[in-house]
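User: Please take one part of this model and go through it closely. I am new to this structure, so a plain account would help.

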Amino acid sequence: MNNLDDLIRSSLNEHTPATAPDGGLAGRAKAVGRRVRMVQAGGVALLAVVLSVGVIWGVTTLPGRSQSIVAASPQPGPASTSVAPSESAGSSPSATAVRPSTSADGKVRDVSKLGAPADGQEGEMLVNYFASPTGNFHCFISTVGAGCTGQDWDAGVEPSRAVCKGSEGGVMGPEIWGTANAAWECGTDPHSFPFFYDSENPDESPVAWWDESFGESAPWSVDPTQTLAILPYGKTLVAGDFSCTMAKAGVSCHNSATGSGFKASRAKVELNS
Amino acid sequence: MTAPSPTLELAPELDFESFVASHQVRLRRYALALTGNGSDADDLLQTTLVKVYLAWNRMADHEHVVGYARTTMARAYVSAWRRWGSRVSPTEHLPEVTGSRSDADVTSDRDLIWRGLDRLGRRQRAVVVLRYFEDYDLAAIADALGITQGTVKSQLSRALTNLREILGGVES
């Protein structure tokens with residue numbers, strides 16, 4: 001035991017006084033939880049209707065196709081929920097959701113106008129999070145920047161924190177902001193959270209880009225109660241001048257206006273390639 | 001006809017309410033230690049309890065629900081980039097600590113530590129709170145936050161270095 005340890009313990013105890021129990025707390029949590037379940041059930045029901053319509057359409061309109069089998073991606077797990085009470089209470093689901101536009105070949109999706117409000121290096125932005133199919137990279141993309149955090153790197157790939165832009169913390173991963181060149185970013189907190197969250201406003205979901213026709217999902221190996229929103233190989237997300245593409249060789253993000261960007265894999269990171 | 005099972009299954013909702021009634025005071029203190037202010041602590045506590053409620057029926061063993069709630073709360077806190085990330089640090093201009101140390105100085109040091117926690121990143125703060133408020137060891141902290149023990153060590157080391165600097169060289 002030393003003085004600093006004692007000081008921290010006593011400080012935490014002193015500044016976290018016990019308050020009177022809140023008799024309505026459980027009821028409020030249950031009420032929000034029920035709304036979340038209703039939203040989830042509504043989503044499943046909507047999916048079922050869509051699939052049913054698709055099956056009926058396939059049966060009735062496609063000659064020689066007696067059955068239409070739709071391979072649905074895994075459903076986001078209910079335990080991946082993160083409910084913001086202030087967002088959930090008193091608001092109704094948006095009826096005018098902005099849907100992302102997707103290229104004709106289904107490989108590129110523009111998410112410039114939707115995503116979760118977040119604080120970027122150049123002010124507020126709408127951000128979308130996505131994970132690589134292996135789960136190793138957690139990334140974000142917005143109209144002002146993009147970046148990826150590697151969960152694991154091969155030996156020698158991760159540089160000393162001396163190369164980082166940030167002033168404290170450890171190496172997070174390569175990022176590109178505005179017109180600046182791509183650079184390694186330091187910090188104490190991860191920047192990307194590519195998990196399914198419940199949001200009553202689909203436009204403000206941090207994985208607003210995701211749907212079953214474009215994305216994949218899988219439990220996060222570190223915490224299987226959380227479900228990753230995965231950008232499959234061969235798919236690209238675009239936000240303004242920024243784009244990120246997932247490939248088996250790694251994830252790459254670029255600014256088309258400047259030509260700078262990065263390409264990252266577990267074994268190698270190339271900045272401004 | 002078989003006899004009714006002697007095992008009494010409590011109604012899930014009654015169980016949840018009992019859990020909240022029994023643990024909400026401690027969990028709110030924990031939330032306050034993480035967030036540093038009452039309104040964010042209340043938000044974090046409710047977010048955590050909603051998650052616990054949604055997971056309640058899937059839990060095979062409710063003995064561990066408190067640990068699940070602590071882990072859920074720590075991860076919700078660390079993962080919330082925006083909601084708990086834009087607080088204004090009250091530690092912009094910390095008073096210097098000099099001279100011999102009296103009881104009043106120690107009280108002042110505890111205040112400095114509390115305000116100094118706002119200077120830490122959320123992951124660093126969560127590590128400090130789990131270590132010194134919840135008395136978790138390094139392995140338990142790593143498990144709770146979903147990070148490696150090496151990361152826990154480095155985050156804790158940096159956090160303590162920052163807090164030492166804030167104190168102006170308290171003996172350690």
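Analyst: In this predicted model, strand 5 and strand 6 of chain A form a hairpin, with three residues between the two strands. Strand 5 covers residues 137-141, and strand 6 covers residues 145-150. The two pair in the antiparallel sense over five bridges. One of the facing positions involves A:F140, whose bridge partner in strand 6 of chain A is A:G147.

The surroundings of strand 5 come next. Five of its five residues are buried, so strand 5 of chain A is largely enclosed by the rest of the structure. The burial applies to both faces of the strand. On one side are A:F137, A:C139 and A:I141, on the other A:H138 and A:F140, and all of them are buried.

Strand 12 of chain A, residues 242-247, shows another pattern, with side chains that alternate along the strand. A:F242, A:C244 and A:M246 point to one face and are buried. A:S243, A:T245 and A:A247 point to the other face and are not buried.

Strand 12 also has pairing partners. Strand 11 of chain A, residues 236-239, runs antiparallel to strand 12 and is joined to it by four bridges; A:T236 has A:T245 as its bridge partner there. Two residues lie between these strands in their hairpin, where A:G240 takes a positive phi near 60°. Strand 13 of chain A, residues 250-255, pairs with strand 12 in the antiparallel sense over six bridges. Within strand 13, A:H254 stands opposite A:S243. A hairpin of two residues joins strand 12 to strand 13 of chain A.

How values were computed
Residues are numbered from 1 along each chain as its sequence is written. Chains are lettered from A and ligands numbered from 1 in the order in which they are written. This is a predicted model: local features need pLDDT of at least 70, side-chain atom pairs count only at pLDDT 80 or more; totals for chains, interfaces and linings use all residues. Side-chain values use heavy atoms; hydrogens and water are left out. Buried means under 20% relative accessible area, exposed over 50%, partly exposed in between (1.4 Å probe, protein chains only). Two strands pair if DSSP finds at least two bridges between them.
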